Amino acid sequence: MALNGMQLLLNYEIIPPADAKNILRVLGIQAATGRPDSQLKLLQILLQLANSLKTSPQYLTEPTVCTFLQLSLQLCDGRNSVSVSSTAFATARQILALVMDGVRDIFATDMLSIKGDSENSTLHLDRPRPDEATQSLSLSAQLFIKDVILFIRGFAGEWLRGESVRFTGQIGLCKLC
Amino acid sequence: MSTGVTLSVTHALDLVYDAISGWKELFQVIQPFKAIVKDYVCPALCPLLKGLQADFLTLSFKNGLPSAAALSSRVVRMARTLLLDFVTPNDMLEEFDLIVTLMVHVLQPDRSWQTDPTPTGGLDGSIVTNSATSSIMSRLNAPMGGEHVVLWHGLIFFIQFLSCWNCQ
């Protein structure tokens, strides 16, 4: 019921973006309960919250993005039911898309000018960007991809703390994907 | 709060593929993202390609063909995407040479499992599975099994790669 209330508040855009950290903390506690209905509701709220922060990227800081991805990936493993796992994976994909879209928007004009200049040119991030939020979004995307590569190689993530399982079965999940 | 992140290789490959194929212009143009492809994605893909056949057989015994086919097809798809979208005159030619070589080798039947020295089936033996693998397929009751998925991916990849090469 509390989660439903939270979802309603998000629907009506009453919650200020600055409270995202507190909401994520509460969702993290709820994720550990292990009840599939709560976890599914939690994933819905997570995605809604991420979408609501799209318009105010200054709140999509690196730790916030990390918590978003950590929460969704945490529910993708074999310990949860298939419906929760597949929803969690879809949520992780959506959040990744949101972050990558943000990064593309930041560099959109630069990329166009570079493509016009020369095919082999590359853009360096060394020069100062308009604000810290854009840097943070780009850094989050890079750190996430590096961590996923670490998972593929069988190592533990550095940014998303935890351990990886190499070649786990999850046949049901594989079929769904 | 967090109990740690656990992610299967199949899911991890899906996420990287999503990012690279969906926002390829970022990975082609922006230097830090280009570096990720060169320093992280390519070195991670090579061991997966090297062990593709062995992993396929191990996984098919352990978890069944869907699981094995899911991983193998994703590895080949990832390699194909890298070769088709990132083969431009750049500083990653060494990595791509290695990936091409691995692809050529890995898409041949695994001879180490062959008990009968005579190749079975086709004219050159390159598409048809060997006897050991065929017996696994029949035992698992999979007439259109995962290895065929991988071989089809490979075939499509080579056609695309050759047409791309001719265009350049």
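**Salt bridges, cysteines and an enclosed helix**

In this predicted model, B:Lys24 forms a salt bridge with B:Asp85, with 3.4 Å between the closest N and O atoms. B:Lys24 belongs to helix 2 (residues 24–29) of chain B and B:Asp85 to helix 5 of chain B, so the pair ties together parts that lie 61 residues apart in sequence. Both ends of this bridge have some access to the surface: B:Lys24 is partly exposed at 29% relative accessibility, and B:Asp85 is partly exposed at 21%.

The structure holds 8 salt bridges over all chains. A good place to continue the tour is B:Asp14, whose side chain meets that of A:Arg93 in a salt bridge of 3.8 Å, N to O. This pair crosses between chains, running from helix 1 (residues 9–22) of chain B, where B:Asp14 sits, to helix 5 (residues 82–117) of chain A, which carries A:Arg93. The two partners differ in their surroundings, as B:Asp14 is buried at 1% relative accessibility, whereas A:Arg93 is partly exposed at 29%.

B:Asp14 also meets B:Arg74 in a salt bridge, here at 2.9 Å, N to O. This second pair links distant parts of the chain, with B:Asp14 in helix 1 of chain B and B:Arg74 in helix 5 (residues 65–86) of chain B, 60 residues apart. B:Arg74 is buried, having a relative accessible area of 9%. These contacts are part of a wider arrangement: A:Arg93, B:Asp14, B:Asp18, B:Arg74 and B:Arg77 are linked in a network of salt bridges.

Turning to the cysteines, the structure holds 0 disulfides over all chains. For B:Cys46, distance gives the reason: the closest cysteine sulfur, in B:Cys42, is 6.6 Å from its own sulfur, too far for a bond, because a disulfide needs the two sulfur atoms within 2.5 Å. B:Cys46 is buried, at 9% relative accessibility. In chain A, A:Cys76 is likewise buried, with a relative accessible area of 2%.

Another cysteine of chain A, A:Cys66, is among the buried residues of helix 4. Helix 4 (residues 62–74) of chain A has 13 residues and reaches 18 Å from its first C-alpha to its last, close to the 18 Å expected at 1.5 Å a residue. Of its 13 residues, 11 are buried, so helix 4 of chain A is largely enclosed by the rest of the structure. The buried residues include A:Val65, A:Phe68, A:Leu69, A:Leu71 and A:Leu73, together with A:Thr64, A:Thr67, A:Gln70, A:Ser72 and A:Gln74.

Key. Residues are numbered from 1 along each chain as its sequence is written. Chains are lettered from A and ligands numbered from 1 in the order in which they are written. This is a predicted model: local features need pLDDT of at least 70, side-chain atom pairs count only at pLDDT 80 or more; totals for chains, interfaces and linings use all residues. Side-chain values use heavy atoms; hydrogens and water are left out. Buried means under 20% relative accessible area, exposed over 50%, partly exposed in between (1.4 Å probe, protein chains only). Helices (H or I, at least four residues) and strands (E, at least two) are DSSP runs, numbered from the N terminus. The expected span of a helix is 1.5 Å times one less than its number of residues. A salt bridge is a side-chain nitrogen of Lys or Arg within 4 Å of a carboxyl oxygen of Asp or Glu.
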